[in-house]
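Q: Please go through this model with me. For each label, I want to know what stands behind it.

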Amino acid sequence: MSDHQASFIDVDELCVGMYIYLDLGWIGHPFALNNFKIVSDSQIETIRGLGLKRLRWSPERSDLATPDTASSVAETAGEVRSPSAERRQLLLAQHASLERCEREFSDATRSFRDILKLVQTQPALARERTEAMIDDLVGKLLDQGECFIRLLSEKAGEKSSLHAINVTVIALLLGKSLGLDAAALKPLGLSALLHDIGKIELPERLRWRDDGFNAAERKLFQQHVDHGVGLAARMGVEAEVCKIIAQHHEYVDGSGFPRQLSGDALTQASRILVLVNHYDNLCNPANPVAAITPHKSLSLMFAQSRQKFDAAILGIFIRMMGVYPPGSMVMLTDDRYALVVSVNSSRPLKPRVLIHDPRIPRDDALVVDLEDEPELGIRQSLKPVQLPRAVFDYLSPGQRMCYFFERARNPLDLRGSR
């Protein structure tokens, strides 16, 4: 029996003969192996002393005293395998919501890829398509009412366009959280989408910022800002948008580039864009190995770089993304592992999570809204490398973070059950 097929059982129900799995690190328990057959009551007492409430076990690999005992426990552990009609309906609605988000995100990445092809040869047409795309995104965002920011699968969208669409979506969400109306969101969205277009005039190897750049390479890289302003002007976008693009690497403390602007010299939209751009570059660097988890990225921005950002905007951003942003791996207060999949800014400590449960195939697992679980919360954030292999495979934390927005509550009122 594979780890994925193992059942789940309360530690109080353990008995001699059960083949169990301990989803702990090697130093988290005194046994020689992480999975083994229980041969004594003393082993059971030791397991209970680990503080776990439930653990995985394999009925097929167990050697229980009587067949009736084995079948009874297996039947109890397998109750959730027969989904009710209500559960099936919830699953269908959950899958449909995610598929809609991923489809719209993918459509946006393809549209932006096509826009980039037109920027230098047909700039006016590129502007028209850019404006149409942002009008569509702003309209959908404002029509959603209260929104969740939703984690998408790594497979969503054209890879070359992920950064631009991520920054655009998050910037628009942040602008909405700050109370901006459609008239203010449009230039913010346009500048977010076009902020890096100047990179198409750079050599391929210089299009992603690298700490290994020498002084000359760093200077060339920084020129993408002026290149972008020039291309945007050729497209015929408004001067306000060009100004935001010009400032998308300028920090409020004057430590940015290319002109080391600071304070009131930066527009509100520029302050939004530079913050979101910084966050996405931490989560999604050119080299995925250097990626930082969403939770760690927010922590670093607040603890070590807060002077770079507008304090009020940073506070709203952290509230919007939640203490544990989508994509965060967490341990719940009942010791189960989970992946944060979406956050509602009005309830940042109660995100929606996908919980590791070996009894249920991942594709059949309902997302649990912690708002509906008053006794369940998040204990701590984890790095993916800290997860047991079976948990890692089940939750599938991605190396790339892709975000979109979805309605906070759909008509079926999707809620998980404990």
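Q: What makes residues 410–418 a stretch to read with care?
A: pLDDT is the predictor's confidence in each residue, from 0 to 100. Over residues 410–418 it stays under 50. The model still has 22 contacts (heavy atoms within 4.5 Å) for this stretch, beyond four places in sequence. Where pLDDT is low, the predicted coordinates should not be read in detail.

Q: What is the mean pLDDT of the chain?
A: The mean is 85, and 88% of the residues reach 70 or more. Over residues 75–82, however, pLDDT is below 50, with nine contacts beyond near neighbours in sequence.

Q: Which rules apply to the values?
A: This is a predicted model, so local features need pLDDT of at least 70 and side-chain atom pairs 80 or more, while totals for chains, interfaces and linings use all residues. Numbering runs from 1 along each chain as its sequence is written, and side-chain values use heavy atoms, without hydrogens or water.

Q: How do you know that the buried residues of helix α1 are on the same side?
A: Buried means under 20% relative accessible area (1.4 Å probe, protein chains only). In α1 (residues 41–48, a DSSP run of H or I, at least four residues), Gln43, Ile44 and Ile47 are buried. They cover an arc of only 100° around the axis, taken from the directions to the C-beta atoms. That puts them on the same side of α1.

Q: What covers them?
A: The cover includes β2 (19–21), β3 (35–37) and β4 (54–58); strands are DSSP E runs of at least two residues.

Key:
Buried < 20%, exposed > 50% of the residue type's maximum accessible area, 1.4 Å probe, protein only.
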